[in-house]
Each structure stands twice: as C-alpha cells, then as structure tokens.
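Open the model in your viewer and show side chains as sticks. The stops below say what to select next and what is there.

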Amino acid sequence: MKTFYLLFTLFLSLVSTAHAESFNDVFAEFKKSASPEELYTFLYAVPKGGDLHNHSTGSNLSEWWYDEILEQEKNGYIYYTKVKINNCRPYGTNEFGGSPYLLLFVNIQDFEYNQLDSCEQSEYKRIQDLNEIEKQAWLDSIRLDKDSEGRNEFFQTHWERINSLMANPYMQVNLIVKNMQAFGAEGMLYLETDAGVRGYVHPDGSPFDEEEVYQLYLDRFAQKDALASGVTVRLHYALLRFLPNAEDDLKWMYEYVATHPELYVAVDMVGREDNDKGHPLRFLSTLRELRHHYHDVNLSIHAGEKDKPNKNVRDTLLLGASRIGHGVNLISDPDTLLLMRNNSYLIEINLISNLLLEYVDDYSQHPFPEYLRIGIPVALATDDRGMWDSNMTDEYYTAVTNFNLSWSELVQLGANSLSYSFLDEKTKQQLLDEYYQRIAKFEKAFSQQKMASLSKVKPESYSFACKQFSICR
C-alpha cells in the first residue's frame, strides 16, 4: 500500500509538471495584457504552498494588534502606551523590556503601569482611550510606513514598542489563527512560524506554566475557525543568537522541540546578522553535544543577511541547518553557492524584507533569480509581513513583475515550500497532493474562462501593495 501511495504521488507530480509546462504559454500571454489589478487578482487566487520563514509577532498587522488588545480586556489584560515624554527620567535609562526612555508608543501591561510613579504614569494612556490621531500614530509605530525608515527603525524600535504585547499567550495564539485565516484566503496550505512557551504572564504579572501555554496552542489550533482556514500550522522555537546566554537557551529549546514533536518541528536561530556576537560557529560545539542526545530536531537559521561578503551561509550549513533564511550574500561565496546547487538545502527568500531593510537597494540587485535558475532550491516567504503591511501575494507579485517568472517556476516555488517543510512525511505528502490538485483545477478553470474564472476573487491587500504597485483596496 505504501509503495502504491508513493507511486501515485509521483504520478500526480509528473502530471502537474506537464500541465504547468503547457500552461506556461497561457500565463505568458496573460502577463502581456493584464492590468496590475488583474495580475494581482490572478496571483492572489493562485494556489500556494507554505510560508516557511515567518515570525509570528512580526506578522501581525497593526490593526489586528489593536483589535486583539481590546478583545483581551475580557481576559483581564489592560494595555497602556506611551504618548508623551515628561522628562521623568534621566536620558538613557530604560523601562520594562529594556526600551529606551525617549521612545514613544512603548506598550506595557496594567501591572507594569501600576509600578510607575505618578510622573511616568502621566506619559501613558490606555490604548482604548487613544484619540484618532494618537491611534493612527500608534498603528504606524509598529510598521515601516515611511521612506526614511529602514533597518535600524525595525530592529531598534519596533520590537521595543511591541514589548509587553508579546507576553500574553491568548493574544499570541489568536493572532496566529488570524494569520492562518488570512493566508488561507490567499490559497495557502501551510504555515511554519516562530512561537515559544516561555515568558508569558497573567494580568497580574505572574508567569504561565510552559506546558499550559503549549496546551493552549494545541487547543486553539483545533478550534473550528482555525481548522476552517484550511492552513496547517507548525511551530519553530526561535533562538535570539547574540544574547550572552544563547548557548543555554539553545540547549533548553533543543530539548523542548525534541520532546514536543506534535507541534514543534524546528529550532530557528534568529537575530540581526550584523551583530557578530551571534556568529554561527559560536554554536558548533553546543549543537554537536546536543546531537549526541536528541534526534529529529531540524534547524532553520538566518544567514547571508548582511551587506558585505562573509562565509556565514557555509558556517550555518556546518551547524546542521537544512534551511537558510535570506541567503542574500551567498552570491559572493562561490564555493558554497556551488555546494547548494541541486542539493537538499533550501533558501527562504524574503524579497520585501530584504528591500525594506536595505540589504538590497532595489530588486535588480537581489540574487533570487540567479538561485532559482541555477538550481538552488528556493521558496518565497513573508518574514515580518505585519511590519511591512503586506501578504504572500505581494511576494508573488514582486517576483513575477521583477523577474518575469514562468508558470512552471511559480508552481515549483509553491511545491518547494511544502517539500522542504519540516512536516512529517505523511502530512507533507498529503499537502503536496492537495497542492498539485488545486493547481490542476486552477489551470483548467483559467484556461477555459480566463478572468471570468476569478470573478468571485476579492483580493485583500494592504498599504505595501498600495504604495509599491498602486493597488489600493
């Protein structure tokens, strides 16, 4: 039976490949005549595989955060945000979470607010009480919405502002489900995202038990609205690799992932690569020790996300990673580039992220098409799409319009995002089968009816598409 199932899956893959090749001409002709709105609608409706490079807290749209904050009042959580600076502290001192004192729109919980003196309390407002101007400024404070903003704004202010919002497990899991629903509407089947079980607190500041949080994930993802999204979800445990105690954190995470395989599928080593304290070889001996005791723990590691050439992608492979996040400067390391051709490593490509964080000045500098067309496995991913105010369709639209992707290449990108996922083999095959079936159905409908087949498709797009593509909804 297993042999039959594998042969049937191979047959479906071959049939889908043949169909994709025959649909190449249809897609090429469509691209020539389609308006931007028509192309965007087409790509929104295209069946997609998965998002393999996704940070859950960075993937929440500002409006989702706001709505969920108000919803969490029923669970006893009240949030305040900093709307003014009354010079209550000497310059340079930090408040909760290490946020700089002179930073507006830092968010704190009610129990933290009650620990402040009256002067500092006067700097904060309940988020429910913001006026319209303050609310808009708050929404804009956690996304890159200005041309002057870039890498430093993202790394040094956005996360500090979100601050205590990340310590509520109910909000965390509800927003993951919100992402599942939005991705499902775009035709996506699978999501791997970073989410942990440590650091969560009750409204009074007392800590959650780790297993209680884990069970909360399991229960929430099994609810009807999550299942109705059609998106399967698995989690990574993210290691902020430049911290002083990162080796100890890695040991704990590695064991946790190994012992909670129902939901956790990998450790993801994250953090800005231009902080050299998190260099890959720092963790080589720790990982070799861990592999003496644990099995089936996958590694996905950010590497090659740096302006100047280095060997970090090669060193990351040495650590045991099978997926590379970003990989932009791999193009400057020819030996490793050759190693990754037609091999079992995947690069998670984040086009919008790399542009907005200034790792490329424009898309003509991006090595993605070179990787794709010399046989390095790649897949498109959204990274921190809430902070870009974008979606997966924006990644597809960017790739198609800047690099003239063929239909076969689009289909392969989606298939790669499932084939190189960290899912168990049975679930992976089921999603691949469903993906190819959806692709075949889409091709048939569009071949027969063209845009009429998409008449019921109503794309949901955000400010990134409006600014970059003039597609405003």
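## Stop 1: K48

Select K48: a polar atom of its side chain lies 2.7 Å from the backbone oxygen of E186, a polar contact (a pair of N or O atoms within 3.5 Å; within protein, one must be able to donate a hydrogen and the other to accept it, and residues adjacent in sequence count only if both atoms are side-chain atoms). This is a predicted model, in which local features need pLDDT of at least 70 and side-chain atom pairs count only at pLDDT 80 or more, while totals for chains, interfaces and linings use all residues. Residues are numbered from 1 along each chain as its sequence is written, and side-chain values use heavy atoms, with hydrogens and water left out.

K48 sits in the loop between α2 (36-45) and β1 (50-51); helices (H or I, at least four residues) and strands (E, at least two) are DSSP runs, numbered from the N terminus. K48 is buried but has no salt bridge, and the nearest side chain of opposite charge, that of E186, is 4.9 Å away. Buried means under 20% relative accessible area, exposed over 50%, and partly exposed in between (1.4 Å probe, protein chains only). For charge, Lys and Arg count as positive and Asp and Glu as negative, with His and the chain ends not counted. A salt bridge is a side-chain nitrogen of Lys or Arg within 4 Å of a carboxyl oxygen of Asp or Glu.

Now show the surroundings of K48. Not counting residues up to four places away in sequence, K48 touches L43, E186, G187, M188, L189, M392, T393, Y396 and Y435, where contact means heavy atoms within 4.5 Å.

## Stop 2: strand β10

Select residues 346-349, strand β10: L346 and E348 point one way, I347 and I349 the other way, and all are buried. In a regular strand the side chains alternate between the two faces of the sheet.

Add residues 323-326, strand β9, which runs parallel to β10 and is joined to it by three bridges; two strands pair if DSSP finds at least two bridges between them. I324 has I347 as its bridge partner in β10. Between these strands the chain passes through helix α14 (residues 334-340), a right-handed β-α-β crossover: with the strands pointing away from the viewer, the path from the first strand over the helix to the second runs clockwise.

Next add strand β11 (residues 378-380), which pairs with β10 in the parallel sense over three bridges. Here I349 has L380 as its bridge partner.

Stay on I349, whose relative accessible area is 0%. Its contacts, not counting residues up to four places away in sequence, include H326, H366, F368 and Y371. The C-alpha atom of I349 is 9.5 Å from that of L52, although the two residues are 297 apart along the chain.

## Stop 3: salt bridges

The count of salt bridges comes to 25. Start with R89 and E120, whose closest N and O atoms are 2.7 Å apart. R89 lies in the loop between β2 (79-82) and β3 (107-109) and E120 in helix α5 (residues 118-121), so the pair ties together parts 31 residues apart in sequence. R89 is buried at 18% relative accessibility, and E120 is buried at 9%.

Move to R438 and E434, which meet in a salt bridge of 2.9 Å, N to O. Both lie in helix α20 (residues 425-449), four residues apart, about one turn of the helix. R438 is partly exposed at 29%, as is E434 at 30%.

Finally, select E63, D140, R143 and D389, which are linked in a network of salt bridges.
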